[in-house]
Structure formats: C-alpha cells, structure tokens
Amino acid sequence: MTEQLKTADIELIQRIIPHRYPFLLVDKVVDIDGYHSATGIKNVTMNEPHFQGHFPGKPIMPGVTIAEAMAQTAAVMVGVALDMADKELLVYFMSIDKCKFRRMVVPGDQLEMRLTTVRGKPGGKVWKFSGIATVDGEMACETEFTAMMDLPKE
C-alpha cells in the first residue's frame, strides 16, 4: 500500500485478522493513525449467538466479547499500518488489565472503540494498548491489554 489507509472495511479486516463469524467482532475500523490510534465500530445485533444464552429475555453483550472486539480493533490498526493484509497475522492476548465495565451493551447499540498504542513498534512482537468503548458517547468499557503479534516470516 503506497498511501497509508485511514479506514478498513469488513473485507480488509478479514484479510488482516483470521477471525470469522461468530467471532469476528469488529465491522469497520476508522480514523487509523498509523499504528498509534484507531476507532473500531461494532454494530450489535440480536442474531449474534451469545445472546441465546446471555441472557434469555435480557440480551447483554458479554464483557469478554467487548474486550475481544477492542483487541481485534487494535490488531486491524497495526495490520493496516504494517501492511499485513493476506500475510496470516495472528495476535494473542498476553494480559488484560484495568478492565472496567460501565454500561450494558445490547442489540441495536453501536459500540465505538477508541484504541491507542501504549507500547509497540514495527517489527516488535509485544504491544500494549489502551482503549475506551462507548455507546452513544457513554462509556461501556475501558481497559488496557498486552498482545503478542505473531508476525509471519518474510
């Protein structure tokens, strides 16, 4: 990619990270500023499988899936910045810290996840991110997490 992309649609997301339904939890990534920051968008819909049991009659997006959606956003941000499309990038959680949930996320919500790189650089394996997820401007989750980028061999 010659010019740095600022957005990643669902097709590019699937070329960067291996996640697929039902575990692909980010629909679009916008405002990508290199590997420094980005915003992920997740449209929460009733037909997601976790709502069958979490909870019958009162569907609430599990907190761990919110944290995972934030991690997927970070992986896409780094993947776009490092031109990792079609290169079989894998990313693994190493830690999740300071994770707090402030609001329920339910079908019909649009989860906006603002991620910032705390530590990490091109070629590095271990990255740390901080993020805030909101719905209609109201905080749903805040967290920090560390991930290992399993970068493919050239």
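This note walks through the sheet, the core, the aromatic residues and one buried threonine of a predicted model.

1. **The sheet.** Six strands form an open sheet in the order S1-S2-S4-S5-S6-S3, with antiparallel pairing. S1 and strand S3 (90-101) are the edge strands, and each pairs on one side only. On average, neighbouring strands of this sheet are turned by 25° against each other, direction ignored.

2. **The S5-S6 pairing.** S5 and S6 run antiparallel and are joined by 10 bridges. To locate the register, take Ile132: its bridge partner in S6 is Glu142.

3. **The helix across the sheet.** H2 lies across S1, strand S2 (37-43), S3, S4, S5 and S6. It runs at about 60° to S4.

4. **The core.** The largest nonpolar core holds 39 residues. Helix H1 (10-16), strand S1 (28-33), helix H2 (63-81), strand S4 (110-119), strand S5 (126-135) and strand S6 (138-150) each supply at least two of them. H2 gives the largest share, 10 residues.

5. **Which residues touch the most other members of that core?** Leu111 and Phe129 do. Leaving aside residues up to four places away in sequence, Leu111 touches Gly40, Ile41, Lys42, Met61, Ile66, Val105, Ala133, Thr134, Val135 and Ala140.

6. **Aromatic pairs.** The structure holds four. One of them is Phe93 with Phe145, edge-to-face, at 5.8 Å centre to centre and 85° between the planes. Phe93 lies in strand S3 and Phe145 in strand S6, so this pair ties together parts that are 52 residues apart in sequence. The two partners differ in burial: Phe93 is partly exposed at 36% relative accessibility, whereas Phe145 is buried at 2%.

7. **A stacked pair.** Trp127 and Phe129 count as stacked because their ring centres are 6.2 Å apart and their planes stand at 5°; the cut-off for stacking is under 30 degrees. Trp127 is buried, with 0% relative accessibility. Phe129 is buried too, at 1%.

8. **The aromatic cluster.** Both pairs belong to one cluster, made up of Tyr35, Phe93, Trp127, Phe129 and Phe145. Phe129 thus deserves a second look, as one of the two residues that touch the most other core members.

9. **Thr65: buried or exposed?** Thr65 is buried, because its relative accessible area is 8% and the cut-off is under 20%. This residue lies in helix H2. Its side chain reaches the backbone oxygen of Pro62 at 2.6 Å. Thr65 also touches Leu25 and His50, not counting residues up to four places away in sequence.

Methods. Residues are numbered from 1 along each chain as its sequence is written. This is a predicted model: local features need pLDDT of at least 70, side-chain atom pairs count only at pLDDT 80 or more; totals for chains, interfaces and linings use all residues. Side-chain values use heavy atoms; hydrogens and water are left out. A nonpolar core is a set of buried Ala, Val, Leu, Ile, Met, Phe, Trp, Tyr and Cys residues joined through side-chain atoms within 4.5 Å. Buried means under 20% relative accessible area, exposed over 50%, partly exposed in between (1.4 Å probe, protein chains only). Helices (H or I, at least four residues) and strands (E, at least two) are DSSP runs, numbered from the N terminus. Contact means heavy atoms within 4.5 Å. A polar contact is a pair of N or O atoms within 3.5 Å; within protein, one must be able to donate a hydrogen and the other to accept it, and residues adjacent in sequence count only if both atoms are side-chain atoms. Two strands pair if DSSP finds at least two bridges between them. Axes are lines fitted to C-alpha atoms, for helices over the stretch in contact, and angles run from 0 to 180 degrees between N-to-C directions. Rings of Phe, Tyr and Trp (its six-membered ring) pair if their centres lie within 6.5 Å; planes under 30 degrees apart count as stacked, over 60 as edge-to-face and the rest as tilted.
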